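Here is a quick tour of one structure, written for someone who would rather think in side chains than in grids. Have a look at the model first, then read on.

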Amino acid sequence: MESAPAGDSFAGRLAHRLPFFYGWVIVFLGFMGVFMMGATTFWAIPVFIGPMEEDTGWSRGLIFGALTTRFIVGAFFGMLLGRFADTRGGPPRLLFFGLLIDVTCLALLRFVDTSWQFVLLYGVIGGAGNTGMRLVQSTLVSKWFVFKRSTAIGLSSIGGGVSALVMVPITEALIGSIGWRDTWMVLAGLLLVCMLPMVPLAVRAPEDVGLLPDNGEVPKQGARRQVSAATERSFTLGEASRTLRFWMLLLAIVFGSYSLQTNTIIMKPYFDEIGFTSAVSASALSIYGLFSIGARFLWGYVSGRFSGRQALIMQSVATAIAVILLLQVDSQTFLYFAVAYTGLMLGGFPILGQLLWPEYFGRAHIGSITGLVQFVTTLIGALGPLIAGVVSDQTGSYETALYVLIGTWLACGAVIFAIRPERPPPPSPLAERGIPEERAVLEVPASG
C-alpha cells in the first residue's frame with residue numbers, strides 16, 4: 001500500500017501548520033511510549049510481584065521469568081520487524097497493530113488462574129505486541145534530529161522517570177484498593193487511551209512530510225562537532241556489522257542493558273527484603289523517578305558538552321558507585337539519598353545507550369540496526385531479572401545480584417573507553433548551508 005504524498009496525510013498537513021518543528025511532536029510520542037512501557041513493564045512487575053506471589057503462590061522466579069519472556073519475545077520480533085521502522089508508513093502500522101495486541105493481553109490478565117496463562121499472555125503474546133511501541137520509540141527521534149539529537153532523546157526519555165514517579169504510587173494504590181487483577185485492566189485501558197492518538201502522528205522521518213532534520217538548522221561555526229544531516233555518514237546494517245566498532249559497542253551495551261534491567265527491577269523487592277515497608281519502598285522508587293527525570297537533563301547536557309561515548313563512560317562508573325551505596329543502606333534517610341543518586345546516574349543509560357548507535361552509524365538505517373541490537377541486548381539483559389529472582393528464591397537475598405552489577409557497570413564503561421566513532425568528513429559547501437547532498441538516503445524500499 002502506497003503512503004500518502006508528503007503534504008496529503010494528516011501528519012503532513014499538521015507538520016506545516018504547527019508554529020514549531022514537527023520533530024518535537026515525535027519527541028512527545030517517544031515520551032509517551034517510554035512512560036507507558038514503564039507503567040506496564042519496567043515498573044509494573046516490581047509492584048505487582050508481592051501481591052501476585054501472595055495470592056497465587058507463584059514464585060518470584062516464575063513471575064520475573066514472564067517479564068524475561070516479554071523482553072526476549074519483543075526483541076526477537078524487533079529484529080524481524082526493525083526494517084519496517086525504516087520504511088515510509090511503517091511506524092504507524094507497527095504502533096497500531098502492536099498496541100491492539102498488547103492492550104488485549106494486559107486486559108486478559110484479569111482472568112488468568114494458572115502460571116502458564118500469565119507467561120503466555122504477558123510474556124509471549126504481549127511481548128510480541130509491545131514490539132511496535134519499543135521500535136517506534138527507539139528509532140524515530142534519531143531520524144528527526146542530528147546535532148540536536150542528545151537534547152531530543154533526553155526529553156523523550158524523561159517519560160521513564162515520570163512513569164516511576166507517577167505510576168508506581170498509583171499502581172500501588174490501585175492494587176491495594178481494587179486488587180492486582182483489576183489493576184491490570186486499568187493499565188490496559190490507560191495504555192489504549194494514551195497511545196492510540198499517537199498512531200497517526202508516527203512519521204518515520206522529516207523527509208516524509210517535506211521537512212529536514214533539525215528543521216534545516218546546522219551547527220554554528222566553531223561548534224565542537226560539525227555533524228549535521230548533511231555530513232553524518234549512515235551505515236547499512238551489513239556495513240555496520242562488518243566493523244569491529246559495531247561488535248565492541250554491542251558488547252558494551254549488552255553489559256549496560258543487563259545492568260539497567262537488573263538494577264531497576266530488583267530495587268523495590270530488595271528494599272522490602274532489607275526491612276522497609278512496601279509503602280516506603282514504593283516512595284523510594286518515586287524519589288528515584290523524580291531524580292531520574294533530572295538525569296535526562298544532566299546526561300543530555302554532558303553528552304552535548306563532550307560526546308555520547310564520553311558521557312556513557314562517566315555514567316557507567318558513577319552507577320557502579322550507586323550500587324555500592326544501595327548495598328550500604330541502613331536507614332530510611334540513607335535509602336532516600338541512595339535512590340536519589342541512583343536515579344541521577346542510572347537514569348542516564350537509556351538516553352546515552354540510544355544516542356550511541358546513530359552517533360557511530362548514522363540515522364538512515366537505524367531501525368534495522370536497532371532491531372538487531374535490541375534482540376541481542378534484550379536477550380542478555382532480560383536474563384538479569386530472571387537470574388536475580390531465581391537467586392533470591394534460593395538464597396533469600398538480592399545482594400549477590402547487586403555485587404555483580406558493580407562489575408557489569410564497570411565493564412560497560414571499559415569497553416566504551418576502548419572504541420571511538422569514525423570521524424565525520426569535512427563539511428561540503430552544501431553541508432554548510434544545511435542541504436543534504438543525497439536527500440534520498442532515507443528512501444528505504446519496503447522490501448528492506
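Is Asp 182 buried, partly exposed or exposed? Asp 182 is partly exposed, with a relative accessible area of 30%; buried means under 20% relative accessible area, exposed over 50%, and partly exposed in between, using a 1.4 Å probe and protein chains only.

Before going further, keep in mind that this is a predicted model, where local features need pLDDT of at least 70, side-chain atom pairs count only at pLDDT 80 or more, and totals for chains, interfaces and linings use all residues. Residues are numbered from 1 along each chain as its sequence is written, and side-chain values use heavy atoms, with hydrogens and water left out.

**Salt bridges**

There are six salt bridges in the structure (a side-chain nitrogen of Lys or Arg within 4 Å of a carboxyl oxygen of Asp or Glu). Here are three of them, with the N to O distance for each pair.

| Acid | Base | Closest N and O atoms |
|---|---|---|
| Asp 102 | Arg 70 | 3.0 Å |
| Asp 182 | Arg 110 | 2.6 Å |
| Asp 272 | Lys 268 | 3.2 Å |

Take Asp 182 and Arg 110, which form a salt bridge. Asp 182 sits in helix 7 and Arg 110 in the loop between helix 5 and helix 6, so the pair ties together parts that are 72 residues apart in sequence. (Helices are DSSP runs of H or I, at least four residues, numbered from the N terminus.) Arg 110 counts as partly exposed, at 27% relative accessibility.

Asp 102 and Arg 70 also form a salt bridge. This pair links distant parts of the chain, with Asp 102 in helix 5 and Arg 70 in helix 4 (residues 60-81), 32 residues apart. Both Asp 102 and Arg 70 are buried.

Lys 268 and Asp 272 stay within helix 9, four residues apart, about one turn of the helix. Lys 268 counts as buried at 3% relative accessibility, while Asp 272 counts as partly exposed at 26%. Elsewhere, Arg 88, Arg 204 and Asp 208 are linked in a network of salt bridges.

**A nonpolar patch**

On the surface, Phe 96, Phe 97, Leu 100, Leu 192 and Leu 196 make up a nonpolar patch with about 410 Å² of accessible area together. Such a patch takes residues with over 30% relative accessible area and no salt bridge, with nonpolar side chains (Val, Leu, Ile, Met, Phe, Trp, Tyr) joined within 5 Å; areas come from the Shrake-Rupley method with a 1.4 Å probe. Helix 5 (residues 90-108) gives the largest share of the patch, three residues. Phe 97 is found in helix 5, and Phe 97 counts as exposed at 53% relative accessibility.

**Inside the protein**

The structure holds three cavities of 30 Å³ or more. A cavity here is a set of points, on a 1 Å grid over the protein atoms alone, where a 1.4 Å probe fits but cannot get out; lining residues have an atom within 4 Å of a point. The largest cavity has about 790 Å³ of space, the volume being the space filled by probe spheres set on the points.

Its lining runs to 35 residues, with Phe 42, Gln 137, Leu 260, Pro 350 and Gln 354 nearest the centre. Helix 14 supplies the largest share, seven residues. By type, the lining of the largest cavity divides into 14 nonpolar, 19 polar and two charged residues; Ala, Val, Leu, Ile, Met, Phe, Trp, Tyr, Cys and Pro count as nonpolar, Asp, Glu, Lys and Arg as charged, and the others, Gly among them, as polar.

Technical notes. 1 Å grid on protein atoms, 1.4 Å probe; cavity = no way out; pocket = protein on both sides within 12 Å on 5 of 7 lines; lining within 4 Å. Helix = DSSP H or I, 4+ residues; strand = E, 2+ residues; numbered from the N terminus. Patch = residues over 30% accessible without salt bridge, like charges linked within 9 Å, V, L, I, M, F, W, Y side chains within 5 Å.
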